[in-house]
There are 2 protein chains.
Amino acid sequence: MTLTAGDLDESALLARIFPRLNSSASVLLGPGDDAAVVAAPDGRTVVSIDTQVQDKDFRLRWPNGHASTGFDVGWKAAAQNLSDINAMGAVASSMVVSLTIPSQTPVKWVEDLADGLTAAIKELGAGDCSVAGGDLSGGSEIVVTVAILGSLEGREPVLRSGAQAGDVLALAGTVGRAAAGWALLESAIPIADFQLEQEDAVRIFCRPRPPLAAGPVAAKAGATAMLDISDGLLRDATRLAKASAVVVDLDPEALLTLAEPLWETAALLGMDPLDWVLGGGEDHGLLSTFPAGIPLPAGFTAIGSILPGSHNSPPVTIAGKAPQPAGTKTAGWDHFAR
Amino acid sequence: MTLTAGDLDESALLARIFPRLNSSASVLLGPGDDAAVVAAPDGRTVVSIDTQVQDKDFRLRWPNGHASTGFDVGWKAAAQNLSDINAMGAVASSMVVSLTIPSQTPVKWVEDLADGLTAAIKELGAGDCSVAGGDLSGGSEIVVTVAILGSLEGREPVLRSGAQAGDVLALAGTVGRAAAGWALLESAIPIADFQLEQEDAVRIFCRPRPPLAAGPVAAKAGATAMLDISDGLLRDATRLAKASAVVVDLDPEALLTLAEPLWETAALLGMDPLDWVLGGGEDHGLLSTFPAGIPLPAGFTAIGSILPGSHNSPPVTIAGKAPQPAGTKTAGWDHFAR
């Protein structure tokens with residue numbers, strides 16, 4: 001018989017989770033009291049919160065047969081939150097985790113989630129970050145919320161509102177692969193039939209790899225604006241454009257290059273890979289703007305430029321023209337769209 | 001027709017929420033970017049996270065006919081998190097809020113939730129605290145998670161592990177009323193039949209009033225240990241006893257005094273009011289220990305004493321004897337108990 005969450009009381013379940021979490025010097029007082037205490041060396045704390053919901057953000061069983069493991073969900077919870085801290089130019093110091101699970105959830109699934117959190121923290125290079133505390137609740141579906149804290153190390157945060165006309169638009173990390181992976185998981189194509197490109201796409205969807213070194217490096221290099229691409233390049237570039245009162249002009253050649261690793265999968269599913277590049281979120285690439293003329297930091301590729309704000313132009317253009325929605329996903333994700 | 005969350009996109013829904021939230025000087029950069037920035041004046045941040053789940057922690061419609069409003073749920077989300085910061089002897093600076101809601105949730109319900117958060121922050125005296133950011137997700141049931149940050153103002157945190165033999169055990173706030181309120185809501189007695197005592201119990205369950213001034217005051221007065229009573233006096237006193245390696249001895253006269261405002265309701269429901277006093281959580285009273293001989297700070301009442309740790313004694317006694325479980329709730333709440 002499978003041991004489930006309902007077989008253990010809360011403290012017994014927590015006792016199985018805590019040893020799987022890493023520790024770091026940033027957490028001055030860890031789990032076990034009413035609250036934790038975390039170092040905030042420059043007198044400020046960066047904070048964000050992000051949630052994954054079963055059957056919205058992941059499925060325990062996908063149409064193509066893949067099962068999202070606890071490890072996947074834990075990894076993604078860590079990764080997407082780490083990405084938010086990165087996008088401010090900050091370094092993560094700690095997380096608090098709230099886990100809502102049905103009583104029939106296997107204890108192994110919860111242990112895997114803890115392992116996935118720890119693995120993402122370590123493999124993505126956020127070893128100064130550890131889990132400072134958490135909360136466990138019963139519910140009818142799995143909901144995983146992480147709130148994350150970080151340190152700006154004395155720097156000013158890089159906002160989405162700082163882009164200037166003349167700046168270079170640059171990307172670190174990938175776009176579109178998680179969306180391709182999601183489309184594959186929702187398809188009828190079994191994993192056994194995947195080639196390397198499809199395996200890569202599903203891996204990025206399940207265990208995104210935001211470029212965590214890039215945020216602080218970009219901040220130090222003089223990035224004028226930064227944004228985590230969580231809802232798709234078009235939608236997130238629009239946010240940057242509106243916040244900065246500029247126009248973001250994307251380079252079509254750069255978009256085609258970003259689409260290259262998606263062609264095979266797009267052909268397989270009868271999709272346009274540019275839809276994924278423009279509309280797909282959840283790779284958690286980092287969109288940044290830099291003053292023209294400075295060398296882009298390692299890991300960044302120029303994908304467009306910043307033009308003066310204009311009432312006559314849409315906030316985002318491709319070679320000066322309004323992008324034409326080619327598919328349903330082009331506008332990015334909306335959690336409540338029917 | 002009722003406007004629901006599914007009728008609005010995420011940004012339109014957020015635009016209805018943000019104006020309802022208060023602002024405070026602690027939040028250096030508020031909602032609208034990838035993350036917020038919060039002041040941490042003494043170089044440390046206290047952090048905790050707590051979740052409420054529909055049909056576990058609240059019901060949209062209770063057996064007795066009462067409807068938990070968004071205002072109630074928002075109030076409680078704020079109150080129980082503020083209580084965790086208070087129990088460290090700290091002062092809350094900010095919250096980040098994650099809200100998972102079905103698309104058919106009325107927009108009005110979500111707006112009420114924001115109003116409830118704001119009202120609790122203000123009325124409970126936590127005006128330095130404001131909502132720094134949040135996340136909205138779709139799901140099949142309502143899940144509200146708040147992560148809260150606070151400042152120790154240069155003091156050391158008061159842990160649950162610091163109680164010493166000879167200390168006085170003291171309580172600020174109430175115990176048992178929320179449990180009585182919960183029992184009333186789960187009963188067949190309509191609100192129209194409530195007397196003052198029942199109205200009070202339901203009010204405390206729906207909108208708990210943790211004594212937020214008491215935590216920092218107790219810390220300054222020299223409290224040796226502190227704990228938010230969220231899972232019941234017996235269970236939380238046991239945690240304090242085990243963490244401090246002492247025995248907590250409760251005074252039966254004090255317990256009877258705490259039970260006094262519950263007699264009528266207990267008689268109505270055929271319950272023992274001491275079960276609620278000993279086992280009921282969610283009033284979010286503050287359990288503290290103080291060295292003998294110092295005057296208890298305003299708002300605290302002595303309810304027992306700390307004895308040396310003993311292998312032959314249970315961690316919590318009543319006048320030296322092991323408490324006898326009189327009812328199912330005596331052991332406090334367990335989120336996974338079947």
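**Exercise 1. The contact between the chains**

How many residues does the contact take from chain A and from chain B?

*Solution.* This is a predicted model, in which local features need pLDDT of at least 70, side-chain atom pairs count only at pLDDT 80 or more, and totals for chains, interfaces and linings use all residues. Residues are numbered from 1 along each chain as its sequence is written, while chains are lettered from A and ligands numbered from 1 in the order in which they are written.

Step 1. Two residues are in contact if their C-beta atoms, placed from the backbone, lie within 7 Å. By this criterion, 60 residues of chain A and 60 residues of chain B take part.

Step 2. Strand 3 of chain A provides the largest share of the side that touches chain B, namely nine residues. Helices (H or I, at least four residues) and strands (E, at least two) are DSSP runs, numbered from the N terminus.

Step 3. By class, the side of chain A that touches chain B has 29 nonpolar, 17 polar and 14 charged residues. Here Ala, Val, Leu, Ile, Met, Phe, Trp, Tyr, Cys and Pro count as nonpolar, Asp, Glu, Lys and Arg as charged, and the others, Gly among them, as polar.

**Exercise 2. The symmetry of the pair**

State which rotation superposes chain A on chain B, and which residue of chain A comes closest to its axis.

*Solution.* Step 1. Copies are superposed by least squares on the C-alpha atoms of residues with pLDDT of at least 70 in both. A rotation of 180° with 0.0 Å of shift along its axis brings chain A onto chain B, with an RMSD of 0.0 Å. This is the relation of a two-fold axis.

Step 2. Among the residues of chain A, A:Gly43 comes closest to the rotation axis, its C-alpha lying at 2.3 Å.

Step 3. The copies meet through the same surface, because 100% of the interface residues of chain A are also interface residues in chain B.

**Exercise 3. A sheet built from both chains**

Determine the strand order of the open sheet of six strands, and identify its edges.

*Solution.* Step 1. Two strands pair if DSSP finds at least two bridges between them. The order is 5(A)-4(A)-6(A)-3(A)-2(B)-1(B), with mixed pairing.

Step 2. At the edges stand strand 5 (130-138) of chain A and strand 1 (27-29) of chain B; each has a single partner strand, so one side of each is left without a neighbour in the sheet.

Step 3. Within chain A, strand 4 (residues 91-101) and strand 6 (residues 143-151) run antiparallel and are joined by nine bridges. In this pair, A:Val91 stands opposite A:Ser151.

Step 4. Pairing between the chains is seen where strand 2 of chain A meets strand 3 (residues 44-53) of chain B, antiparallel over four bridges. There A:Val38 stands opposite B:Thr45.

**Exercise 4. The domains of chain A**

Describe how domain 1 and domain 2 of chain A are placed and how they touch.

*Solution.* Step 1. Domain bounds come from an automatic or database domain assignment. Chain A is divided into domain 1 (10-151) and domain 2 (168-318).

Step 2. The domain centres, taken over C-alpha atoms, are separated by 25 Å. In the contact, 23 residues of domain 1 meet 27 residues of domain 2.

Step 3. Helix 2 (residues 70-86) of chain A gives the most to the domain 1 side, with nine residues. That side divides into 11 nonpolar, nine polar and three charged residues.

**Exercise 5. Two acidic residues**

Is B:Asp84 buried or exposed, and which residues does B:Asp84 touch?

*Solution.* Step 1. A residue is buried if 20 or more other C-beta atoms lie within 10 Å of its own, exposed if 12 or fewer, and partly exposed in between, with C-beta atoms placed from the backbone. B:Asp84, in helix 2 of chain B, has 30 C-beta neighbours inside 10 Å and therefore counts as buried.

Step 2. Not counting residues up to four places away in sequence, B:Asp84 touches A:Asp34, A:Ala35, B:Ser48, B:Asp50, B:Ile148 and B:Asp228.

Step 3. A:Glu153 may be set beside it. A:Glu153 lies in the loop between strand 6 and strand 7 (168-172) of chain A and is partly exposed, with 14 other C-beta atoms within 10 Å.

Step 4. Most residues other than glycine have a negative phi. A:Glu153, although not a glycine, has a positive phi of about 50°.
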